[in-house]
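Visitor: Hi! Could you walk me through this one?
Guide: Happy to, let's bring it up.

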Amino acid sequence: MSDKFDVIVIGAGPAGYVAAIRAAQLGLKVACVDAFAGKDGKQALGGTCLNVGCIPSKALLDSSRQFYNLTHNFDAHGISADNAKIDIPTFVARKDKIVKQFTGGVAQLFKANKVTPFFGKGKLLKGNQVEVTAADGAKQTISAANVILASGSVPIELPFARFDGKTIVDNAGALDFAAVPKRLAIIGAGVIGLELGSVWKRLGAEVIIIEALPDFLGSADADIAKVAQREFKKQGLDIKLGAKLGKAEVKKDGVHLVYTDKDGEQKLTVDKLLVAVGRRAYTDGLLADDTGVQLDERHRIVVDEHNHTGVDGVWAIGDAVRGPMLAHKGSEEGIAVAEWIAGKAGHVNFDTIPYVIYTEPELAWAGKTEKQLTEEGVPYKTGSFPFAANGRAVAMNEAVGQVKVIAHAETDRILGVHMIGPGVSELIAECVVAMEFKGSAEDLARIVHAHPTLSETVHEAALSVDKRAIHKGN
Ligand SMILES: Cc1cc2nc3c(=O)[nH]c(=O)nc-3n(C[C@H](O)[C@H](O)[C@H](O)COP(=O)(O)OP(=O)(O)OC[C@H]3O[C@@H](n4cnc5c(N)ncnc54)[C@H](O)[C@@H]3O)c2cc1C
């Protein structure tokens, strides 16, 4: 096998593997280096997202949602099931099977597209060479005209609450508990904390979320965050805002936590602690000293608007660079970079990236919040519609939440859409399309939406921007 390629990608997460496949589709000879090993010790392509992130968390969210509905919500439909039980080994094994299916799927896609995988740690050397070090220490060097750095991110560790994989865990650990913890504390009320907290709460754990910031979901629209906070509270998630963890000590009877809130020092003992305070770009050991690639103060690889590092033929994408840490953002950057390398026009529109939180109810948004627009001095108008007035949501017994459309006060162009409610992870796609096409609220309002569907809330919210929603007062 020749060790010269057109493109070498370091990292096979959703940024890297997508870049590799797109580059191969464009006729380039591609290698992809990744060090991630699955539970069987073999190479598991797909990065954080497929192995310990997006996909496994959604598998557990779905199983736990089914169990919660069975034990809490089905009685409203006249359905009862006595002694409902959940078998945690089966619950986790189902998730593992899905992970294997998808990581194996990436390997198949590599084969079909003739992308050569290398299993080991990749290090960029000067002159676009990549040194690959296997788990046994064996080294080989490969080279390419272009190298795409897609090394992703890892969980941030707190110095006083080090991960031990058993009691103090990161996302990977919290996806693999052998039993439902009696009491689970989570540090961080962000996406990961809320999603994994929901999973274990639905299965019966007492879940306490400790968040240092005073506002709940500060990056979401304030109205949407308010509904979310109320609903999560109803579900029994104990979210403590403005609370700062100071100490976590593992003892025989669990983890002893000390945190401070507005009332002073508080103590709490839990069985498990999930630290979900964010992720940091993972660039450890990625670059030889003389490559010329720059890192910023947060160890992210510095790139321009075309994801170029400034070093000839070296690009970087995904969680390892600026921008939101989302799988689809990394994948789009991967496609764009492959196209730029092949001399085509790549494109990533940061203004229409959708954000989703897969809790119950789900949250989804794209574009600006009212707060951002006020700060920017942009005149806007809003329209909203509640799921309580949507026939399909009521028929499903999931009539919680709302859709809010924000449009420019003068041009009517859609500037943001913010949702909480059933199925909004799917509903947001329609709004992203409208925004990408620079649509107006009136455009959305004039589109025929099937009845009865959840999507009618988008239609009605768009109508409501001009105070002409049909199924509510304006
Ligand atoms: C619990 C959880 C749930 C999430 N849910 C969602 C979600 O629902 N939707 C969403 O959009 N995002 C979600 N995310 C975020 C998402 O997983 C990341 O944004 C995404 O995986 C980033 O992709 P990436 O390709 O940049 O990096 P990664 O997926 O982190 O992949 C990087 C890969 O590179 C490898 N690597 C790193 N350095 C080297 C090296 N030097 N040599 C060889 N290999 C190397 C790593 O082992 C890894 O396999 C979630 C994350 C977590 C933790």
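Visitor: Let's start with Leu363. What does Leu363 touch, leaving out residues up to four places away in sequence?
Guide: Keep in mind that this is a predicted model. Leu363 touches Leu217, Ile224, Ala228, Phe232, Tyr355, Val356, Ile357, Met419, Ile420 and Val424, once residues up to four places away in sequence are set aside.

Visitor: And which members of the largest nonpolar core touch the most other members?
Guide: Trp200, Leu217 and Leu363 do, in a core of 38 residues. At least two core residues apiece come from α3, α4 (88-112), β9 (183-187), α6 (191-202), β10 (206-210), α7 (222-234) and β19 (362-367).

Visitor: Which element gives the largest share of this core?
Guide: That would be α7, with 5 residues.

Visitor: Switching to the ligand: how many residues surround it, and which are closest?
Guide: There are 38 around the ligand, and Asp34, Thr48, Lys58, Gly122 and Ala327 are the closest. By type, the shell has 18 nonpolar, 15 polar and 5 charged residues.

Visitor: Which element supplies the largest share of that shell?
Guide: α2 does, with 4 residues. Elements supplying at least two each include α2 (47-52), β4 (121-125) and α8 (327-341).

Visitor: What about backbone atoms: which ligand atom is 2.7 Å from Gly122?
Guide: A nitrogen atom, facing a polar backbone atom of Gly122 at that 2.7 Å. A ligand nitrogen is also 3.2 Å from a polar backbone atom of Ala35, and a ligand oxygen lies 2.9 Å from a backbone N or O atom of Asp319.

Visitor: How much of the ligand's accessible area does the protein cover?
Guide: The protein covers 94% of the 990 Å² that the ligand has on its own.

Conventions
Residues numbered from 1 in each chain as written. Predicted model: local features only at pLDDT ≥ 70, side-chain atom pairs only at ≥ 80, totals over all residues. Heavy atoms only, no water. Near = heavy atom within 4 Å. Polar contact = N/O pair within 3.5 Å; in protein donor to acceptor, adjacent residues only side chain to side chain. Areas by Shrake-Rupley, 256 points an atom, 1.4 Å probe, with all protein chains shown as cover. Nonpolar A, V, L, I, M, F, W, Y, C, P; charged D, E, K, R; others polar. Core = buried A, V, L, I, M, F, W, Y, C linked by side-chain atoms within 4.5 Å. Buried < 20%, exposed > 50% of the residue type's maximum accessible area, 1.4 Å probe, protein only. Contact = heavy atoms within 4.5 Å.
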